[in-house]
Amino acid sequence: MQALGCGVQALHQSSRRALAAVGELSSVNCWGTTFVRWATKKASSSSDNGRTSLPKFLGVKKYGGEKVITGNIIIRQRGTKFWPGENVGLGKDHTIYSLINGHVKFKWSGHHKQMSVNVLSHLEYGRIAEHKAMEAFAHKNVFKARGYMQQACFAYHLAGEEGREKLVAMDPFRIKLLESATKETENVIEAKRLKGIELAEKREKEADEKRGFRAKKFLM
């Protein structure tokens, strides 16, 4: 009987080791063996892009020369990459916003060694644009002068009664500039037309030379 008991115990141990390899738990009593299967579930993998944070919408919202009103956000930033200048405020999250109605002006700040953001009144911005238009016209840059003139007219139009007086005083220069711009435009169109004709003649001449070379080669 003792030998039979040892044989049953050895069989039980070998069965337990074999079934443990396939994830099963075995239990043995003196009369038989009962098998119980473990519950299994695959573990879920983690994801690197499962965040739900909202975007911050950082960056420049109003560019140089754009019209702004009081409270308009000009720049959203983290840190003072852009320094607040005249007529602008700095929020606790470093947002720069306008304190008056006017136009945005970016300017290099030598003291802070970085770009500063300013808001100029309509009248002041119109004066600056008018001055730049006159400088460009003096240097024969008609199209650049016309662009500055359009900015000056827009700013003076928003400046109220004083701005309308500036527009009336600026009429002679504006008429002269428009005449020069029209003439310059006609000259540019004529130059492009002549250049196109010259290019077409050159291409036609090259084609004739190629046809003559092929004919000569064929006769040889």
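Leaving aside its neighbours within four places in sequence, which residues is methionine 149 in contact with? Select methionine 149 and look around its side chain: the contacts are Ala133, Met170, Phe173, Arg174 and Leu177. Keep in mind that you're looking at a predicted model.

**Stop 1: the helix around Met149**

Now select residues 142-158, which make up helix α3. This helix has 17 residues and reaches 25 Å from its first C-alpha to its last, close to the 24 Å expected at 1.5 Å a residue. Colour its buried residues: Val142, Ala145, Met149, Ala152, Cys153, Ala155 and Tyr156. They sit on the same side of α3, because they cover an arc of only 165 degrees around the axis. Spin the view to the face turned away from that buried side, and you'll find the exposed residues Gln150 and His157.

Next, check what flanks the helix. At its start, pick asparagine 141: one of its side-chain oxygens comes to within 3.4 Å of the backbone nitrogen of lysine 144. After α3 comes glycine 160, with a positive phi, near 85 degrees.

**Stop 2: the cores**

Stay with Met149 and add Tyr156, Met170, Phe173 and Leu177. These five touch the most other members of the largest nonpolar core, which has 16 residues. The elements giving two or more residues to this core are α2 (122-138), α3 and α4 (161-219), and α3 gives the most, with 6 residues. For a change of scene, select Ile74, Ile75, Phe82 and Val104, which are among the 9 residues of a second, separate core.

**Stop 3: serine 98**

Jump to strand β8 (residues 96-98), where you'll find serine 98. Is serine 98 buried or exposed? Serine 98 counts as buried, because its relative accessibility is 1% and the cut-off for buried is under 20%. Put a distance label on its side chain: a polar atom there lies 2.5 Å from the backbone oxygen of isoleucine 100. Then show what serine 98 touches, not counting residues up to four places away in sequence: Val68, Ile69, Thr70, Gly71, Asn72, Ile74, Asn87 and Val119. Ile74 should look familiar, as one of the residues in that second core.

**Stop 4: histidine 112**

Finish in the loop between β9 (102-109) and β10 (114-120), where histidine 112 has its place. With 31% relative accessibility, histidine 112 counts as partly exposed. Bring back Phe82, another member of the second core, and draw a C-alpha to C-alpha line to histidine 112: the two are 9.8 Å apart in space and 30 residues apart in sequence.

Notes
Residues are numbered from 1 along each chain as its sequence is written. This is a predicted model: local features need pLDDT of at least 70, side-chain atom pairs count only at pLDDT 80 or more; totals for chains, interfaces and linings use all residues. Side-chain values use heavy atoms; hydrogens and water are left out. Helices (H or I, at least four residues) and strands (E, at least two) are DSSP runs, numbered from the N terminus. The expected span of a helix is 1.5 Å times one less than its number of residues. Buried means under 20% relative accessible area, exposed over 50%, partly exposed in between (1.4 Å probe, protein chains only). The arc is that of the directions from the helix axis to the C-beta atoms. A polar contact is a pair of N or O atoms within 3.5 Å; within protein, one must be able to donate a hydrogen and the other to accept it, and residues adjacent in sequence count only if both atoms are side-chain atoms. Contact means heavy atoms within 4.5 Å. A nonpolar core is a set of buried Ala, Val, Leu, Ile, Met, Phe, Trp, Tyr and Cys residues joined through side-chain atoms within 4.5 Å.
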